[in-house]
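Trainee: Got a minute to go through this one with me? I'd like to talk through the helices and the charged pairs.

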Amino acid sequence: MKAVIQRVSECTVKVDGEITGSIEKGLLILLGVAQDDTEREAEKLSVKISDLRIFTDENDKMNLSVKDVGGAVLVVSNFTLCADYRTGRRPFFGSAARPEKAEPLYEYFCECMKKSGLSKVEKGRFGADMKVSLLNDGPVTLVIDSELLK
């Protein structure tokens with residue numbers, strides 16, 4: 001699994017003009033599920049993200065996690081994170097999991113985030129054409145690959 005995490009002051013996702021998820025202070029998580037991903041990757045990634053100290057404390061140091069600040073998360077599925085762009089000009093998405101595998105793992109990841117103690121976990125709509133609006137805070141943006149987690 002691959003995730004792009006953005007610290008946000010606010011974030012909203014819409015499908016066909018309807019808001020499907022909206023948060024204030026917290027994290028926008030764009031989540032890509034690869035063919036070989038399992039529930040284990042979802043668990044590892046959710047623990048890592050929920051405990052990451054990327055919010056500032058009273059000394060303006062990044063010492064607090066999204067849980068510490070009472071923040072929320074908005075998780076948006078994004079198969080394009082699994083793109084192979086090494087050759088040619090058109091990305092190849094063959095390493096992305098098929099929807100029948102990716103959607104249950106996306107949902108499982110969201111459940112893992114809820115179980116981590118977050119105040120609010122919102123979602124986009126899997127497989128939909130989504131419009132994401134955000135106010136990036138910092139900006140703080142990280143890319144995490146579950147393959148690199150211990």
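**Helix 2 and the salt bridges**

Mentor: Sure, and keep in mind that this is a predicted model. Let's begin at a helix end: glycine 117, just after helix 2, has a positive phi of about 100°.

Trainee: OK, and how many residues does helix 2 have?

Mentor: Helix 2 has 17 residues. From first C-alpha to last, helix 2 reaches 24 Å, close to the 24 Å expected at 1.5 Å a residue.

Trainee: Which residues in helix 2 are buried?

Mentor: The buried ones are Ala102, Leu105, Tyr106, Phe109, Cys110, Cys112 and Met113. Looking down the axis of helix 2, you'd find its buried residues within an arc of 155°, so they line one face of the helix.

Trainee: What do the buried residues pack against?

Mentor: Four elements: strand 3 (26-32), helix 1, strand 6 (72-77) and strand 7.

Trainee: And which residues are exposed on the other side of helix 2?

Mentor: Glu100 and Lys115 are exposed there.

Trainee: Switching to charges. How many salt bridges does the structure hold?

Mentor: Nine. One of them joins the side chains of lysine 123 and glutamate 107, at 2.5 Å, N to O. That pair links distant parts of the chain, with lysine 123 in strand 7 (residues 120-123) and glutamate 107 in helix 2 (residues 99-115), 16 residues apart.

Trainee: Are those two buried, exposed or partly exposed, and why do they count that way?

Mentor: Partly exposed means between 20% and 50% relative accessible area. Lysine 123 counts as partly exposed because its relative accessibility is 24%. Glutamate 107 is partly exposed too, because its relative accessible area is 28%.

Trainee: What about helix 1, which side chains meet in a salt bridge there?

Mentor: Glutamate 43 and arginine 40 meet in one, at 4.0 Å, N to O. Both lie in helix 1 (residues 39-51), three residues apart, which is about one turn of the helix.

Trainee: How exposed is each partner?

Mentor: Glutamate 43 is partly exposed at 27% relative accessible area, and arginine 40 is also partly exposed, at 48%.

Trainee: One last pair, aspartate 129 and lysine 131. Where do they sit, buried or exposed?

Mentor: Both aspartate 129 and lysine 131 are exposed. Their side chains meet in a salt bridge at 3.5 Å, N to O.

Trainee: Great, that's what I needed. Thanks!

Methods: Residues numbered from 1 in each chain as written. Predicted model: local features only at pLDDT ≥ 70, side-chain atom pairs only at ≥ 80, totals over all residues. Heavy atoms only, no water. Helix = DSSP H or I, 4+ residues; strand = E, 2+ residues; numbered from the N terminus. Buried < 20%, exposed > 50% of the residue type's maximum accessible area, 1.4 Å probe, protein only. Expected span 1.5 Å × (residues − 1). Arc of directions from axis to C-beta. Contact = heavy atoms within 4.5 Å.
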